[in-house]
Amino acid sequence: MNNKPIIYVVSDSVGETAELVTKAAVSQFNGSEITIKRFPYVEDKVHIDEVISLAKLENGMVVYTLVKPDMRLYMQEMAAKEGIYACDIIGPLMDQVQLHYGKTPLFEPGLVRKLDEDYFKKIEAIEFAVKYDDGRDPRGILKADIVLVGVSRTSKTPLSQYLAHKRLKVANVPVVPEVDPPEELFLVPPEKCFGLKISPEKLNHIRRERLISLGLNDNAIYANIERIKEEIVYFETIVNRIKCPVIDVTNKAVEETANIILNLYRQSFPKN
């Protein structure tokens, strides 16, 4: 028999939650040399039998996070039968939430980890959108899930951020007649690219309002209707060359345009 204290941490998922709580408790016994052994992905009763046998042999304790009711009950019964102390970390709280609020648990292992992964994917996509906004680095075009192409003030940046919250990495490329588009734009699958089209009159209004908000003269070339028409013609030559879908954003909210893009993208890439 092992003379050193030992705690078996059992989980039907990775076991991070149970181990973290156990370490927090053990930290209050500084110098006691308590050993923690993790048993992740315990999915059948045979594994519980093995842990109970080890705990009995080593005079150990069991700490567990098992979300399925039958597995929790079996752990309780076997621990009681063999005289082993077993601490259910998540079960009592789940029971109280169900009783107090009338909610039914999913009884699905690993949901916390899935939520964490989802969160970090979203953060990564947001950082990507910032890094590759407005054509800052054309290398991002080849790494992106979605590439937005359009003249200035066609909502490329807010669209990139909106789609990033859907965990998609988005790069956007401004189209200017005096500047050749990056070569990378013609190397990605056209289904990943989306042209953003807008009427000259609407764009003229948006740009004039933008100049006024900045305290600038709204007669600048940036808001000149002929210049705008020239930019749109150039934009059309680029998207025709790419052969990508084009969305008219003239009277659309960002959310509406984003949903169109998402639907088209998922049709082409259903697994993403």
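How many salt bridges does a search of the whole structure find? The search finds 11 salt bridges. The model shown in these views is predicted.

**View 1. The largest nonpolar core.** This core holds 39 residues. Ile 146, Val 147, Leu 148, Leu 185 and Ile 261 touch the most other members. Elements giving two or more residues to the core include β5 (146-150), β6 (170-174) and β7 (193-197). The helices α7 (156-164), α9 (225-242) and α10 (254-268) do so too. The largest share, 7 residues, comes from α9. Another core, of 17 residues, lies apart from this one. Among its members are Ile 6, Val 62, Met 71 and Ile 84.

**View 2. Surroundings of Leu 185.** Neighbours within four places in sequence are left aside here. Leu 185 is in contact with Ile 141, Val 147, Val 149 and Val 173, among others. Its contacts also include Cys 193, Ile 238 and Ile 242.

**View 3. The pair Arg 139 and Asp 137.** Their side chains meet in a salt bridge, at 2.7 Å from N to O. Arg 139 is exposed, with 56% relative accessible area. Asp 137 is buried, with 17%.

**View 4. A salt-bridge network around Arg 227.** Glu 178 and Arg 227 meet through their side chains in a salt bridge (2.7 Å, N to O). This pair links distant parts of the chain, 49 residues apart. Glu 178 sits in the loop between β6 and β7, and Arg 227 in helix α9. Glu 178 is exposed at 54% relative accessibility, while Arg 227 is buried at 16%.

Arg 227 also forms a salt bridge with Glu 231, with the closest N and O atoms 3.0 Å apart. These two residues lie 4 residues apart in helix α9, so about one helical turn separates them. Both are buried. Shared partners join Glu 178, Arg 207, Arg 227 and Glu 231 into one network of salt bridges.

Technical notes. Residues numbered from 1 in each chain as written. Predicted model: local features only at pLDDT ≥ 70, side-chain atom pairs only at ≥ 80, totals over all residues. Heavy atoms only, no water. Core = buried A, V, L, I, M, F, W, Y, C linked by side-chain atoms within 4.5 Å. Buried < 20%, exposed > 50% of the residue type's maximum accessible area, 1.4 Å probe, protein only. Contact = heavy atoms within 4.5 Å. Salt bridge = Lys/Arg side-chain N within 4 Å of Asp/Glu carboxyl O.
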